[in-house]
Number of protein chains: 2
Amino acid sequence: MSKTTLLDIANYVNVSTTTVSMVLNNKRINVADSTRNKIFKAARELNYIPNALARSLSTKKSYTIGFVIPDIGNPFFAEMAKAIETEAEKQGYSMILCNTFNSGRKEEDYIKLLIGKLVDGVIISASGEKNKSIELLEGNDIPFVIADRHIYNEDNINGVFCDNMDGITLGVKYLIKKGYKNVAFVGADTKEISKNSRLEYFKEISKEYNIFNSELIEEEEISLEGGIRATEKLINKNLPIDVIFYSSDVMAIGGMKCLLRSGYKIPGDIGILGYDNIGICSFIEPELTTIAQPIYNMGKESCNLLIDTINGKRKDKRVINLTPYLVDRKTIK
Amino acid sequence: MSKTTLLDIANYVNVSTTTVSMVLNNKRINVADSTRNKIFKAARELNYIPNALARSLSTKKSYTIGFVIPDIGNPFFAEMAKAIETEAEKQGYSMILCNTFNSGRKEEDYIKLLIGKLVDGVIISASGEKNKSIELLEGNDIPFVIADRHIYNEDNINGVFCDNMDGITLGVKYLIKKGYKNVAFVGADTKEISKNSRLEYFKEISKEYNIFNSELIEEEEISLEGGIRATEKLINKNLPIDVIFYSSDVMAIGGMKCLLRSGYKIPGDIGILGYDNIGICSFIEPELTTIAQPIYNMGKESCNLLIDTINGKRKDKRVINLTPYLVDRKTIK
């Protein structure tokens with residue numbers, strides 16, 4: 001069967017090829033709705049390959065990028081997705097989003113799907129589980145950028161990260177400056193590789209500043225519930241605690257809830273320091289003091305790095321490390 | 001140029017067609033990474049059409065559905081996306097997500113993109129702005145389901161909604177039963193069509209129960225900031241207010257923040273009733289009493305209705321109206 005052309009459709013519906021082209025490309029044209037529908041119907045019946053697809057097949061460009069995230073329920077990724085989409089649109093690209101529920105298998109499935117759907121490139125915030133995603137992307141010559149979460153084999157990739165060593169150091173120094181002595185830390189019990197781990201950096205830096213106490217360190221999943229559980233464990237130890245430093249805002253908010261319910265005053269009895277600066281920090285009362293990741297910039301840099309690579313403007317690989325900063329609100333005295 | 005076959009690639013790389021097929025379909029096979037990469041490279045050089053795409057072109061099935069949402073930052077849609085994805089996966093479908101930022105133009109662009117990417121069907125929570133999305137879907141015979149937000153021309157469509165009339169009635173009766181007299185209401189200043197509007201229903205039902213007071217009604221955007229602004233306007237009126245009923249949880253949480261800062265006790269001085277039951281209701285302190293939409297079920301029903309339509313199991317159109325219910329937490333005395 002030969003390929004259906006615009007002329008085939010034009011003859012079938014009895015209109016000009018220009019009309020067919022304008023209708024199928026959704027250009028503004030003054031044509032009756034009935035004609036428009038006849039054209040769409042004919043295109044379908046004659047198995048005409050839709051325009052976006054035909055263009056993709058010939059030019060290998062679809063002006064679409066994929067963003068693969070581990071958890072759509074975590075506001076951090078929703079905020080980054082907004083940034084990527086806003087920046088992509090400025091350059092004429094659309095973004096489609098795939099959520100892996102932190103599963104390496106789903107991540108690999110979505111990478112295959114995106115390759116099959118002919119996206120021009122992919123941004124990945126990895127699930128942390130080992131899988132063949134990167135191999136697949138490299139094998140198919142699909143440009144990609146690793147954002148926020150590190151992966152196992154990071155040689156020679158494009159990446160945008162925020163320096164956790166800097167962020168943890170900033171937090172520890174700030175707490176010491178504020179006069180806190182008994183500093184607890186709640187780290188993430190994640191599948192993520194230990195490289196760039198906030199928990200490992202906290203251990204290292206708190207030792208350096210002589211405030212390390214292994215009894216005051218907990219590990220839990222990155223969620224409200226995880227934050228509540230870690231905080232319960234900490235207060236049940238009946239040890240003096242002046243402040244709790246959480247490795248993510250979501251956990252800090254869970255912790256605050258737990259402390260407020262148990263009658264603690266924040267920051268009067270216990271201070272709270274979060275990490276990420278998600279929008280919700282200012283939803284709660286008292287508002288959360290936190291180590292901010294420049295979320296918008298992380299999305300923007302990831303998007304621009306990807307599109308430059310797609311367009312061949314950048315041949316060598318590049319890793320961008322952004323710097324965290326402190327946002328002083330109401331949970332530290 | 002004739003279409004590249006698996007045999008062409010097999011000859012080019014000097015392996016069996018079975019090996020080529022298994023590698024390109026990402027099946028488990030014991031083959032050296034170098035061979036795997038050679039196969040991928042050959043497929044690319046010979047312009048082999050990837051499997052997912054070839055299958056789509058021949059069977060017209062891609063086992064992918066699209067979900068178009070107006071605001072990825074609103075936890076309601078993140079929660080519904082999780083439900084749709086979980087249900088879709090059970091039936092072997094993947095979901096890709098597109099965010100419109102409440103723009104009718106972007107909604108239309110994404111519908112075109114999804115049609116071009118050969119998705120099998122689309123679930124839409126509409127932006128509320130008039131556009132050609134529905135016409136495009138119908139013209140291309142793409143099965144679709146309207147979820148949560150109504151659209152302008154709703155004749156003969158598949159839809160899944162939650163009955164706002166029931167929800168508002170439930171809320172008003174509950175507040176009256178609790179002895180509240182001066183009931184304020186904060187509605188959504190949305191582009192959504194007035195059909196099924198919570199604000200309009202509140203006016204109607206509060207009149208019926210003799211608690212209507214036009215001075216105590218505000219309209220604002222659905223966001224934390226919108227909730228804060230509406231609440232400031234209400235308290236600045238210096239009228240007696242016993243309780244505020246917000247048409248969305250996000251606004252209620254903003255309102256609580258504003259009241260707590262101004263020294264009000266909740267529910268001691270003013271009670272708060274929300275609407276939606278997003279996960280964040282239990283993040284905050286005191287936890288928010290709210291009219292719950294069955295978010296998971298809305299996602300599940302939308303997904304099943306769509307996949308049944310894709311599979312031809314359902315020829316006639318169907319609208320499913322789910323029933324809201326009260327979740328009694330800590331913001332009503």
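Trainee: How many residue pairs are in polar contact between chain B and chain A?
Mentor: There are 21 such pairs, both residues at pLDDT 80 or more. A polar contact is a pair of N or O atoms within 3.5 Å; within protein, one must be able to donate a hydrogen and the other to accept it, and residues adjacent in sequence count only if both atoms are side-chain atoms. Keep in mind that this is a predicted model, where local features need pLDDT of at least 70, side-chain atom pairs count only at pLDDT 80 or more, and totals for chains, interfaces and linings use all residues. Residues are numbered from 1 along each chain, chains are lettered from A as written, and side-chain values use heavy atoms, leaving out hydrogens and water.

Trainee: OK, and how many salt bridges between chain B and chain A?
Mentor: The count is 17, taking a side-chain nitrogen of Lys or Arg within 4 Å of a carboxyl oxygen of Asp or Glu. B:Asp71 pairs with A:Lys82 in a salt bridge, with the closest N and O atoms 3.4 Å apart.

Trainee: What area do the two chains bury between them?
Mentor: About 5,400 Å², 59% of it on carbon and sulfur atoms. That's accessible area (1.4 Å probe) lost when the two parts are put together, summed over both. On chain B's side, B:Arg44, B:Lys117 and B:Phe283 supply 13% of the area it buries against chain A, more than any other three residues.

Trainee: And how many residues does each chain put into the contact?
Mentor: Chain B gives 56 and chain A gives 57, with contact meaning heavy atoms within 4.5 Å.
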